[in-house]
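Open the model in your viewer and keep the selection tool at hand. This tour goes stop by stop: what to select, then what is there.

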There are 4 protein chains.
Amino acid sequence: MTVPEPGSPLDTTGLAVPASAQAARGRPRSEKARKAILKATAALLLERGLAAVSMDAVALRAGVSKATIYRWWPTKEAVALDALYTRWEEAARHPSDTGSLRGDLLELLRPWAGIVRTAPYARVIAALLTRAQTDQVFGAEYRRRIVQPRRDQAREVFLRAVERGEVAADLNLEVALDLIYGPLYHRLLQGHAPLDDAFVTDVVDMVLAGIRLQAG
Amino acid sequence: MTVPEPGSPLDTTGLAVPASAQAARGRPRSEKARKAILKATAALLLERGLAAVSMDAVALRAGVSKATIYRWWPTKEAVALDALYTRWEEAARHPSDTGSLRGDLLELLRPWAGIVRTAPYARVIAALLTRAQTDQVFGAEYRRRIVQPRRDQAREVFLRAVERGEVAADLNLEVALDLIYGPLYHRLLQGHAPLDDAFVTDVVDMVLAGIRLQAG
Amino acid sequence: MTVPEPGSPLDTTGLAVPASAQAARGRPRSEKARKAILKATAALLLERGLAAVSMDAVALRAGVSKATIYRWWPTKEAVALDALYTRWEEAARHPSDTGSLRGDLLELLRPWAGIVRTAPYARVIAALLTRAQTDQVFGAEYRRRIVQPRRDQAREVFLRAVERGEVAADLNLEVALDLIYGPLYHRLLQGHAPLDDAFVTDVVDMVLAGIRLQAG
Amino acid sequence: MTVPEPGSPLDTTGLAVPASAQAARGRPRSEKARKAILKATAALLLERGLAAVSMDAVALRAGVSKATIYRWWPTKEAVALDALYTRWEEAARHPSDTGSLRGDLLELLRPWAGIVRTAPYARVIAALLTRAQTDQVFGAEYRRRIVQPRRDQAREVFLRAVERGEVAADLNLEVALDLIYGPLYHRLLQGHAPLDDAFVTDVVDMVLAGIRLQAG
DNA sequence: CGGTAATCGAGACGGTACGTCATGTCTTACA
DNA sequence: TGTAAGACATGACGTACCGTCTCGATTACCG
């Protein structure tokens, strides 16, 4: 399989028709239509959740035919994933270096928590998650687009802390990442308690210090 | 949270006590139909996920009319929640006392992880979760039935540890619970890495000890 | 196979779900919907031909759901056939006895020609005919409903003429019927010349007398 | 009727002379493509009827682009008509002179009946007929190509009979033609009875002799 | 013991969305 | 200019569920 050019019009979700390197024959894909579809989807997604994102509704709102959507995305979840990714990538930033692991983590996690709790992203993520459980291909793409980028940022922060000597070099990094993001996603999705800045701080502090009474 | 009156329109789950003391006029509810519905739903749920649980399919498989289902449950998610709860309650146990917080947690979490990773429960939970994002009433019921029972078990374990003097009395218990269950649900739902016993152990150990290098 | 009761709500085209003699369980068929569908179809048919009779259009115009149409008719041609039949049956009359074969035939054929040439029935018949070429079941039904009734009327007229001694008793009746209706349908469908009363008269006279010069 | 200029937009059939005397600018029309289109259409037509002749299917099968088809034919019916005409013209013969009207007619009609009843031409003709009801331009072309040629052959036969003195000079020729071809088309299209040689003979004999008992 | 009343099965109903297909138009690059 | 390739808007297709409804048949109680 050829790897799609990053940023090329064919690099939509990886679920789309794979790009070929040869000369582009025939009428080229309409960039206008692509953008209209993603914009309409994002709007529907935030207004009323994935349940409101029907192919018909997107087509109507984007002024585009259903066939055009199906040509490039296999399911409405794929469109939604693409729309969500596009929105989030614009807001992505490089994790800043505050000089301490605690500071870096708070700097990274608080804005993220702020975003996902203000807009109704929880129901979007939950819906995508549901699809990911059943559809292997979609699941991989979901993780690549939604889960991994943030995880990579946090990984960078942890590695910086190792370099500083703040944490042990043999730290189980993957588990540590789950320890950080797990509780945040838990509150986001289960909704049993608020995902506020106080909680983010508590999680970071408790993960760093541990629960058990220090010996002695 | 108020407990819905059995038989009341707010009793969305159908788990009401079959016979109440008040005057029962007319033909009584068919217990046979109730069980057939839950059984058929559970089967469909595990075989093919919530997507396969349509009211028509359940009615057909249970040998019951659609009207009967709608009379007792408002949505298919409510039926599914009921079916899942019924299955899980049978397997519920009182958390045993191993003498240490670490031992109690492992004793509690490992069997749970074993269950949810063997059968395809992840997609069921994800689907219920999705509905919970949008439907407030359902969300409350979902948490009461699925999330809280396990959480209560773990809370009991933590309180025992406080009594033992193993952890500080001012431990932020709710955050601690999220620190334990968050990572487990994270792997269960996001699927980026396995939810095996090694991971459960790592989480417990890391939460207890903390990440940061001990001073010195 | 049970024979549907003539005039019963299940006797639609014979293409519909066959009627059973047992007790009617469940909600009975909506007579209102059935009539609305046939009325809407007939209107579309005469206004713009079978091409305009889409299931969507009929459903919209009749204020009925598509599923209801599909429940009772397999194709739009079946609905159209039913609608056309319903319209025509109302206008059906018993062929009157004028005392002569020529008179009877003219009495029978002229009004028919008048009807089919004034309203745009030709395109409807052509379209049904086309479907009948490919679909055996539909073809049989088409002949039973559209072709046979008129043919039976003419057959009656011919038999009366045999009794009168006007034509030979060993007349090949089926060929004679084709000799009468064939030319009329030919002009109706091929459209190379008008189907007017003069033509009807010419056909009848020529069929009765023959083309060849009488010997001698 | 005016004959469309080859290559003009009114030349809906594509049977135009490939090269005209006037200046041919740009790339000349591909004769290869034209033949491939007609061949593919004829194949689809006989295999599965006009319903299977979609522009996409023809383009795919002929190895041609849809635009090329649309450039030379306005509708799929026009292509089908062209394909059918091409096939039939090859088999066209001059009506032979057997010495009698009866013989000439049988000589002309029997082979025709044989052809149309063996291959599934009926559904093709019915479909073209249907289009002809709605589309005036197509209707005229259909008659010119399909109906008139055979009619002209029969007319020639009748005129020969007039010269022979076999039939009256004031015979209404057009009605006579309908009397011959009408019944044949009737059986071909309505399908209520077979279009075999016996029927052809019966029709000819009955038309020549008439139905009515000869006086005396 | 007959009347009252809620439940049950069956299944038709008006809707909405699905994913596919064909039509006829267009845009591009190549011949 | 013609052609192959193929994207596009449009709109119908036939299917599947949704949640509601209308039946007749059951099955309790209560008077």
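A salt bridge here is a side-chain nitrogen of Lys or Arg within 4 Å of a carboxyl oxygen of Asp or Glu. Keep that rule in mind for the protein stops.

This is a predicted model, in which local features need pLDDT of at least 70 and side-chain atom pairs count only at pLDDT 80 or more, while totals for chains, interfaces and linings use all residues. Residues are numbered from 1 along each chain as its sequence is written, chains are lettered from A and ligands numbered from 1 in the order in which they are written, and side-chain values use heavy atoms, with hydrogens and water left out.

**Stop 1: chains C and D**

Select C:Asp178 and D:Arg187. They form a salt bridge, with the closest N and O atoms 2.5 Å apart. The rule finds 2 salt bridges across the interface of chain C and chain D.

Now widen the selection to the whole contact (heavy atoms within 4.5 Å). Chain C brings 48 residues and chain D brings 48 residues. About 4,200 Å² is buried between chain C and chain D, and carbon and sulfur atoms give 63% of it. Buried area is the accessible area (1.4 Å probe) that two parts lose on being put together, summed over both.

Pick out C:Gln190, C:Ile211 and C:Arg212. They supply 17% of the area that chain C buries against chain D, more than any other three residues.

How many residue pairs are in polar contact between chain C and chain D? There are 17, counting pairs with both residues at pLDDT 80 or more. A polar contact is a pair of N or O atoms within 3.5 Å; within protein, one must be able to donate a hydrogen and the other to accept it, and residues adjacent in sequence count only if both atoms are side-chain atoms.

Which element gives the most to the side of chain C that touches chain D? It is H8(C), with 14 residues. Helices (H or I, at least four residues) and strands (E, at least two) are DSSP runs, numbered from the N terminus. Colour this side by residue type: 26 are nonpolar, 13 polar and 9 charged. Ala, Val, Leu, Ile, Met, Phe, Trp, Tyr, Cys and Pro count as nonpolar, Asp, Glu, Lys and Arg as charged, and the others, Gly among them, as polar.

**Stop 2: chains A and B**

Move to A:Arg187 and B:Asp178. Their side chains meet in a salt bridge (2.5 Å, N to O). Between chain B and chain A, 17 residue pairs are in polar contact, both residues at pLDDT 80 or more. Next, show helices H6 (121-134), H7 (136-164), H8 (173-190) and H9 (197-209) of chain B. Each supplies at least two residues of the side of chain B that touches chain A.

The buried area here is about 4,300 Å². B:Gln190, B:Ile211 and B:Arg212 supply 16% of what chain B buries against chain A, more than any other three residues.

Superpose chain B on chain A. A turn of 180 degrees and a shift of 0.1 Å along the axis lay one on the other with an RMSD of 0.2 Å. That is the relation of a two-fold axis. In chain B, the C-alpha of B:Gly210 is nearest the axis, 1.7 Å from it. The fit is by least squares on the C-alpha atoms of residues with pLDDT of at least 70 in both. The copies meet through the same surface, because 100% of the interface residues of chain B are also interface residues in chain A.

**Stop 3: DNA strand E**

Select the 40 residues around DNA strand E; A:Tyr70, B:Thr68, C:Gly26, C:Thr68 and D:Met55 come nearest. A residue is near a strand if one of its heavy atoms lies within 4 Å of it. Zoom in on B:Arg27. An N or O atom of its side chain is 3.0 Å from a base oxygen of strand E. At B:Trp72, a polar side-chain atom lies 3.2 Å from a phosphate oxygen of the strand. H3(C) gives the largest share of this surface, 4 residues.

**Stop 4: DNA strand F**

Last, select DNA strand F. Of the 44 residues around it, A:Gly26, A:Ser65, A:Thr68, C:Tyr70 and D:Arg27 come nearest. A polar backbone atom of A:Ser65 is 3.1 Å from a phosphate oxygen. An N or O atom in the side chain of C:Lys66 is 2.8 Å from a base oxygen. H3(A) gives the most to this surface, with 5 residues.
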